[in-house]
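Me: I would like to go through this model slowly and ask, for each label, what justifies it. Could you set each value against its definition before you conclude anything?

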Amino acid sequence: MPTGVEFRQYRTEDYIIRDEPFYIPSGDEVEIFTAAYRQHVPVLLKGPTGTGKTRFVEYMAWKLGQSLTARTNPPGPGAGGKSPAASVPLITVACHEGLTASDLVGRYLLDAEGTRWIDGPLTRAVKAGGICYLDEIVEARKDTTVIIHPLTDHRRLLTIDKLGEVVEAAEGFLLVVSYNPGYQNALKDLKHSTRQRFVALEFGFPEPDREAKIIAHEAAVNGDISTLLAKLGQKIRHLREHGLKEGASTRVLIYAARLIREGIPARRACQVAVTWGITDDLQVQNALDEVNTSIFP
């Protein structure tokens, strides 16, 4: 029976980062990621939410594409038109407790033309030679993460049981995963057999000057506002020792800045974006409001 729903295979072009993402390095993470990419070494990103892990992967996909273009099409005398740019596709998967192996690898689906196979995001990345980014990998089911093991060693193979196929990863394929150690517990942590298949990069909250620049760029606010918001973030993070489970991320500070840009008073913008956004504990909320008032009277 026709379903009226059309399923299509995504094209490689759908996953290309065409414009440079804004990213300010905090150390040598760009060089390490580049080396890992060239050597086919999987990468694990660790850090609190809102510290730039996803933006970093997007930036690296763009930057690696630029590097490939430069190596593949070096400038030379007599070059006619502009050579086509190389690219590194980035396929991102937000992991959750219901994520199955079929969600990553693919499945048969029924549409108006009958039953056909649709590749999952992991399979698309393997075949296209792109980066597959599994965000918050510990949220996925344990039996799901096992399928990535053959892709993280010298084999670089993906088994598609339903098709009876084994696919060898294309040259540019790289597996990148992330998680927040602050949320880990006995039930949600990476198994040692999985963890030791990656090199790890740790992400923390940026120092005030760098964070102010990020806020100013992302929210298009002036330097005075971004500097004060960065100061607010720093002060709030010091409250983690007094009952606050998670510090203010750069993301919520950017949200506050965007509200301020729209004319919302600064203290109110910080209350709804920061205070109410990160905790429901009334006592902690009162403490955050006091910090907020000290910066935005």
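Reply: Let us begin with a term: a residue is called buried when its relative accessible area is under 20%, exposed when that area is over 50%, and partly exposed in between. Please keep in mind that this is a predicted model.

Me: Why is Cys-132 called buried?

Reply: The relative accessible area of Cys-132 is 0%, and the label requires a value under 20%, so Cys-132 counts as buried. Cys-270 can be judged in the same manner, since its relative accessible area is 1%, and therefore Cys-270 is buried too. Across the protein chain, buried residues make up 45% of the 297 residues.

Me: How do you know that Cys-132 is in no disulfide?

Reply: A search of the whole structure finds zero disulfides. For Cys-132, the nearest cysteine sulfur belongs to Cys-95 and is 8.4 Å away, whereas a disulfide needs two cysteine sulfur atoms within 2.5 Å, so Cys-132 is in no disulfide. As background, a disulfide is a covalent bond between the sulfur atoms of two cysteines.

Me: What makes Arg-55 and Glu-218 a salt bridge?

Reply: Their side chains meet at 2.9 Å, N to O, and the definition asks for a side-chain nitrogen of Lys or Arg within 4 Å of a carboxyl oxygen of Asp or Glu, so the pair qualifies as a salt bridge. Arg-55 lies in helix 2 and Glu-218 in helix 7 (residues 208–219), so this pair ties together parts that are 163 residues apart in sequence.

Me: Why is the pair Arg-55 and Glu-58 also called a salt bridge?

Reply: The closest N and O atoms of Arg-55 and Glu-58 are 3.7 Å apart, and because the limit is 4 Å, this pair meets the definition as well. Both residues lie in helix 2 (residues 53–72), three residues apart, about one turn of the helix. Together, Arg-55, Glu-58 and Glu-218 are linked in a network of salt bridges, and the structure holds eight salt bridges.

Me: Which of the words buried, partly exposed or exposed fits Arg-55, and which fits Glu-218?

Reply: Arg-55 has a relative accessible area of 27%, which is between the cut-offs of 20% and 50%, so Arg-55 is partly exposed. Glu-58, with a relative accessible area of 27%, is likewise partly exposed. Glu-218 has 18% relative accessibility, and because this is under 20%, Glu-218 counts as buried.

Me: How do you know that Arg-155 forms a salt bridge with Asp-153?

Reply: Their closest N and O atoms are 2.8 Å apart, and since the definition allows a distance within 4 Å, the pair is a salt bridge. Arg-155 has a relative accessible area of 37% and Asp-153 one of 22%, so both residues are partly exposed.

Me: What can be said about the residues that line the largest pocket?

Reply: The largest pocket has a volume of about 620 Å³. Of the 33 residues that line this pocket, the closest to its centre are Gly-50, Thr-51, Gly-52, Lys-53 and Arg-55. Several elements each supply at least two lining residues, including helix 2, strand 5 (131–135) and strand 9 (199–202), while the largest share, five residues, comes from helix 9.

Terms used: Residues numbered from 1 in each chain as written. Predicted model: local features only at pLDDT ≥ 70, side-chain atom pairs only at ≥ 80, totals over all residues. Heavy atoms only, no water. Helix = DSSP H or I, 4+ residues; strand = E, 2+ residues; numbered from the N terminus. Buried < 20%, exposed > 50% of the residue type's maximum accessible area, 1.4 Å probe, protein only. 1 Å grid on protein atoms, 1.4 Å probe; cavity = no way out; pocket = protein on both sides within 12 Å on 5 of 7 lines; lining within 4 Å. Points joined across faces, edges and corners; volume = space filled by probe spheres on them.
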